[in-house]
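Hi,

Here is the structure I said I would pass on. Have a look first, and my notes follow underneath.

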Amino acid sequence: MRRRVAVTGMGVVCPLGGQVDAVWDSALAGRSAITPLTLANAATGASITIPAARVPDAALKPVSKADVAFSDRFGLLAVMAATDALVDSGMRITADNRARIGVSSGTCMGGITETEVGFDAIYLRRRPKVHPFTVLRTMYNSPSALIAMAHQLAGPVLAYSTTCSSSSVAVGEAARQIQHGYADVMIAGGAESLLTYSAVNCWHSAQLLASLHDDPARSCRPFDATRDGTVLGEGAVFFVLEEWDSAQARGANIHAELAGYACSADSGHITQPSVDGQARSMRLALADAGVNGSAVGYINAHGTGTRLNDVVESRAIQDVFGSHAQDVAVSSTKSMVGHLVGAAGALGLLMCIKAVATAKVPPTANLATPDPECTLDYVPNYGRAAPGLRVAMGNAFGFGGTAASIVVTRYG
C-alpha cells in the first residue's frame with residue numbers, strides 16, 4: 001500500500017528573505033526583490049547590466065567550515081535552507097533513524113560560480129591549475145552530499161537536473177522514496193546561484209532576459225501584454241517530507257500533505273514549450289493525488305514572463321481544467337523573486353503550501369496590461385483571501401520539455 005507523505009519542515013533563502021513567514025508576507029504584499037545588477041568581464045572590462053533578484057551576501061551564514069571549503073555559493077544556500085527546514089520540522093536525528101533519512105536536491109547550472117573562477121584562473125591569470133576543491137564545488141550533487149554530511153544522514157542521497165523543473169522533480173521523486181518504503185524521511189528541494197558574467201551572458205545571448213524597466217522592480221511582468229522576458233534570481237528552498245503515520249505519531253506540525261506528483265516530457269522543441277506536455281503533467285499529478293480538477297483552487301504557475309511560455313501555460317491550464325479554469329487563482333511569484341531556475345519549482349511549492357495553510361493566495365506582481373491571449377485569473381498585484389482553499393498545484397517546466405507538477409492539500 002502506498003504511504004502518505006506529510007510536509008513537516010520548510011526552509012528558504014531567497015531574494016525576499018531567509019525566513020518562511022517573512023518571504024510569504026512579502027509575496028502576499030506583492031513586494032519585488034528585483035534590482036539592477038552589473039556584472040563585468042574580468043578579461044576585457046566589458047560589462048552587462050540586467051534586472052536580477054539576488055540574495056544579499058550578508059544573508060549567507062554557513063553552517064560549518066566544511067560548507068565554505070567544499071561548496072560553491074549554490075551549495076551554501078542549499079545547506080542553509082535544508083538546515084532551517086530540519087529545525088522547523090522538530091525532527092531529532094539519531095543513530096537509529098539516520099539510515100532511513102535521505103536527501104534529494106535539484107539544480108540547473110550547478111556550481112557555475114566556481115566554474116567561472118576556474119576559467120579565470122587558467123585563462124586570464126595564467127595559473128597552472130585551479131583550486132583543488134573545484135570538482136567538489138561544481139558537481140551537481142554537492143548540495144545533497146553536503147546536507148547529508150552536515151546532519152549525518154545515511155539514506156538515499158540523490159540529485160536531479162532537469163533545468164527549470166529540477167527542484168520539483170527532486171521533491172516529487174523524494175516523495176516516491178517515502179511512498180514506496182525506501183525511506184521514512186527525505187530532505188528535498190533545490191538550489192541555484194548563476195548570477196555570474198558568463199552565465200548571464202548565455203541567457204542574454206539566447207534572448208530570454210527581460211530588459212531593465214524604468215522601474216527595475218517591474219522588469220518581470222508575467223501574463224502582462226508588455227512582458228519581454230524573464231528575470232534571473234537565485235536561492236534555495238528545502239522541505240522535510242515524512243511518512244504520514246510517523247509524523248502524526250511524534251506530534252509533528254504538518255504544513256500540508258504532498259498528495260500527488262507527475263513528470264512528463266513533450267519531446268518537441270528544446271526551448272519552446274507545448275500545451276500537450278504541460279497538460280499531461282498536470283493531469284497525471286491530479287490522477288496521482290486522486291483529486292478532481294474541480295477541487296483545485298490555486299496554481300502557482302511556471303509563469304516566466306516570456307512571450308511564448310505564458311500563453312502556452314495558460315492554454316494548458318484551460319485544457320486540463322476546462323470551464324473550472326476561470327475559477328482557479330493562478331499566479332506567478334517569479335514577478336517578485338525572478339526565475340530561480342533549478343530552485344524555482346521548490347519556491348513555487350512553498351507558495352502552494354502556505355496558500356493552503358493560510359487560505360490566501362499570492363499575486364502576480366506588475367500585472368497592469370492584460371494580455372488578450374492570457375485569459376485566466378492571475379491575481380494581479382496583491383494577494384488575497386481564498387476562503388475554502390484546500391488544494392493547490394505547483395508547476396515547473398524546463399528546457400528540453402521536462403514538465404513537473406505537484407499537488408498539495410491542506411492538513412486538518
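**What turned up**

The largest share of the largest pocket's lining, three residues, comes from helix 11. Keep in mind as you read that this is a predicted model.

**The largest pocket**

Helix 11 covers residues 307-321, and helix 10 (275-289) is the other helix to note here: each of them supplies at least two residues of the pocket lining. The volume comes out at about 430 Å³. If you want to centre your view on it, go to L208, T271, P273, T306 and F399, which are the closest to the pocket centre out of 29 lining residues. As for chemistry, the lining has 16 polar residues, 10 nonpolar and three charged.

**The cavity**

How many cavities of 30 Å³ or more does the structure hold? Just one, and its volume is about 60 Å³. Its walls are made by N300, A301, T333, K334, V337, G338, L340, A344, L347 and G348. Helix 12 (334-337) and helix 13 (344-358) are the elements that give two or more residues to that lining, and helix 13 gives the most, with three. Sorted by class, the cavity lining has five nonpolar residues, four polar and one charged.

**Helix 8**

This helix is a nice one to look at end-on. Helix 8 runs over residues 197-205, and its buried residues are Y197, A199, V200 and W203. Looking down the axis, you will find them within an arc of 165 degrees, so they line one face of the helix. That fits the general pattern: an α-helix has 3.6 residues a turn, so residues three or four places apart point the same way.

What covers the buried residues of helix 8? The cover includes two strands from early in the numbering, strand 2 (35-40) and strand 3 (47-53), along with helix 4 (112-124) and strand 7 (232-233). Just after helix 8, have a look at Q207, which takes a positive phi of about 60 degrees.

**Cysteines**

You won't find a disulfide anywhere: the count is zero. C220, for one, is in no disulfide, and its nearest cysteine sulfur, that of C164, is 13 Å away. C220 is also buried, with a relative accessible area of 0%.

Why is C352 not bonded to another cysteine? The closest cysteine sulfur is the one in C14, and at 15 Å from the sulfur of C352 it is too far for a bond; the cut-off used for a disulfide is 2.5 Å between sulfur atoms. C352 is buried as well, again at 0% relative accessible area.

**K360**

Last stop: K360, which is found in strand 12 (residues 360-361). Is K360 buried, exposed or something in between? Its relative accessibility is 39%, so K360 counts as partly exposed.

Leaving out residues up to four places away in sequence, K360 touches W24, L28, A355, R384, A385, A386 and L389. Y298 is worth a glance too: K360 and Y298 are 62 residues apart in sequence, while their C-alpha atoms are 9.4 Å apart in space.

Cheers

Definitions and conventions: Residues are numbered from 1 along each chain as its sequence is written. This is a predicted model: local features need pLDDT of at least 70, side-chain atom pairs count only at pLDDT 80 or more; totals for chains, interfaces and linings use all residues. Side-chain values use heavy atoms; hydrogens and water are left out. On a 1 Å grid over the protein atoms alone, a cavity is a set of points where a 1.4 Å probe fits but cannot get out, and a pocket is an open set with protein on both sides within 12 Å along at least five of seven lines; lining residues have an atom within 4 Å of a point. Grid points are joined across faces, edges and corners, and a volume is the space filled by probe spheres set on the points. Helices (H or I, at least four residues) and strands (E, at least two) are DSSP runs, numbered from the N terminus. Ala, Val, Leu, Ile, Met, Phe, Trp, Tyr, Cys and Pro count as nonpolar, Asp, Glu, Lys and Arg as charged, and the others, Gly among them, as polar. Buried means under 20% relative accessible area, exposed over 50%, partly exposed in between (1.4 Å probe, protein chains only). Contact means heavy atoms within 4.5 Å. The arc is that of the directions from the helix axis to the C-beta atoms.
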